[in-house]
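Visitor: Please take me on a close look at one part of this structure, slowly and in plain words. I am new to this, so explain each term as you go.

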Amino acid sequence: MKKVFLSVVIPFYNSNRTARESISSVFSEIENLYQDKKLLKTYSLEDTISEIICCNDGSTDGTAEYLDGISSADFGSGENSFIEIKVMHLKNGGVASARNAGLDVCRGEFIAFNDSDDMWLKDSLVKRLSLLTEEPNADLITANHEKESQRIPRLAKASSHVNLFYISLKDEIFKNCYTIPNSIMKRRIIDAGIRFKDGMRYSEEIYFFNQIVSKYKCLFLNELMSKSIMNKERYGEASLSRNFAEMKKGEVKSLKLTYKELGLSASDYLAARICSAIRYLKRVLSDAKRKASAN
């Protein structure tokens, strides 16, 4: 049996409109990976397979039926026996539980994520994996979602690329650099038992990434690597992002857990709470402005 090189976990909930494009973008990028001569040689990819794990979180809109009807033959060039698509049907428990279910069964040496309404951009997988390889002490890399670049003063520069930086726990608390669709991590993080907080339906990724950056060396690529399929704004249009109050509660819960369990100082915790409140107000005002201009 061939070993699994890359596992990509994608949770789905009532995502029938975007499911195909989400999976297709990941599939295409994995095909490109297996054609990259440098990575092919570095990891002996010809002796591996990769897997896309689709976690259906109790969808009721036809997503489950769509996922049951697809196979690798529906995507890519057709010569894709090295890519497996697996489908898990779960009782609705929220995106954190769905991702955890995928993490519990994934077999890859590297683990990545996408969301059901997001897409990986061309050559993004090869670039991220190449940079992670060139920084051998790093365990995770992420990049920008929907942004070409962002202002990131005072971050520690990594050696291999002009737009590559190391992120500490304090950096992440205040800058929120890490995004789900762009994150690739080494298996040892998952083997150490790090998971999303079950039951969290809003801002669940914050504590997940805080756990990782508090214990491992993590990279941030200040370049655009993914985007929304339906060109939604980051906040205000997505079904989960519309509930700003619940998002703020989830963010506060993540900060409390980080303070109690990960050694965040009291002063940084208080400062992070203030920044969280400011972000909440900005989101509310931005959404009100967007709605007013639409009318």
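Guide: Let's begin at R99, which sits in helix α4, residues 95-105; helices (H or I, at least four residues) and strands (E, at least two) are DSSP runs, numbered from the N terminus. The model is predicted, so local features need pLDDT of at least 70 and side-chain atom pairs count only at pLDDT 80 or more, while totals for chains, interfaces and linings use all residues. Residues are numbered from 1 along each chain as its sequence is written, and side-chain values use heavy atoms, with hydrogens and water left out.

R99 counts as buried because its relative accessibility is 2% (buried means under 20% relative accessible area, exposed over 50%, partly exposed in between, with a 1.4 Å probe and protein chains only). Leaving out residues up to four places away in sequence, R99 touches V9, P11, F113, D115, I180, F196 and E204; contact here means heavy atoms within 4.5 Å. With E204 there is also a polar contact, side chain to side chain, at 2.9 Å. A polar contact is a pair of N or O atoms within 3.5 Å; within protein, one must be able to donate a hydrogen and the other to accept it, and residues adjacent in sequence count only if both atoms are side-chain atoms.

E204 gives us a path to the next stop, since helix α8 covers residues 204-213. Helix α8 is among the elements covering the buried residues of α9, along with α6 and α10. The buried residues of α9 are F244, M247, G250, E251, V252, S254, L255, L257 and T258. An α-helix has 3.6 residues a turn, so residues three or four places apart point the same way. From its first C-alpha to its last, α9 reaches 25 Å with 18 residues, close to the 26 Å expected at 1.5 Å a residue (the expected span is 1.5 Å times one less than the number of residues). After α9 comes G263, with a positive phi near 80°.

One residue of α9 to find on the model is G250. G250 is buried because its relative accessibility is 8%, and, not counting residues up to four places away in sequence, G250 touches M200, Y202 and S203. G62 is a different story: G250 and G62 are 188 residues apart in sequence and 29 Å apart in space, C-alpha to C-alpha.

Now turn to α10, residues 266-294. Its 29 residues should span 42 Å at 1.5 Å a residue, and its end C-alpha atoms are 42 Å apart, which agrees. In α10, D268, Y269, A272, S276, R279, R283 and D287 are buried, and their cover includes α6 (169-175) and α9 (244-261). Y280 also belongs to α10, but this residue counts as partly exposed because its relative accessibility is 24%. Leaving aside neighbours within four places in sequence, Y280 is in contact with F244, A245 and K248. Y280 and F244 are 36 residues apart in sequence, yet 7.0 Å apart in space, C-alpha to C-alpha.

Several of these helices come together again around an empty space. A search of the whole structure finds one cavity of 30 Å³ or more. On a 1 Å grid over the protein atoms alone, a cavity is a set of points where a 1.4 Å probe fits but cannot get out, and lining residues have an atom within 4 Å of a point. The largest cavity has a volume of about 40 Å³, the space filled by probe spheres set on the points, which are joined across faces, edges and corners. E172, I173, N176, I206, N210, E251, L255 and R279 line the largest cavity, and α6, α8 and α9 each supply at least two residues of this lining. By class, the lining has three nonpolar, two polar and three charged residues (Ala, Val, Leu, Ile, Met, Phe, Trp, Tyr, Cys and Pro count as nonpolar, Asp, Glu, Lys and Arg as charged, and the others, Gly among them, as polar).

One lining residue deserves a last look. N176 lies in the loop between α6 and β9 (184-186), and N176 counts as buried because its relative accessibility is 18%. Most residues other than glycine have a negative phi. N176 has a positive phi of about 50° although it is not a glycine.

Notes: On a 1 Å grid over the protein atoms alone, a cavity is a set of points where a 1.4 Å probe fits but cannot get out, and a pocket is an open set with protein on both sides within 12 Å along at least five of seven lines; lining residues have an atom within 4 Å of a point.
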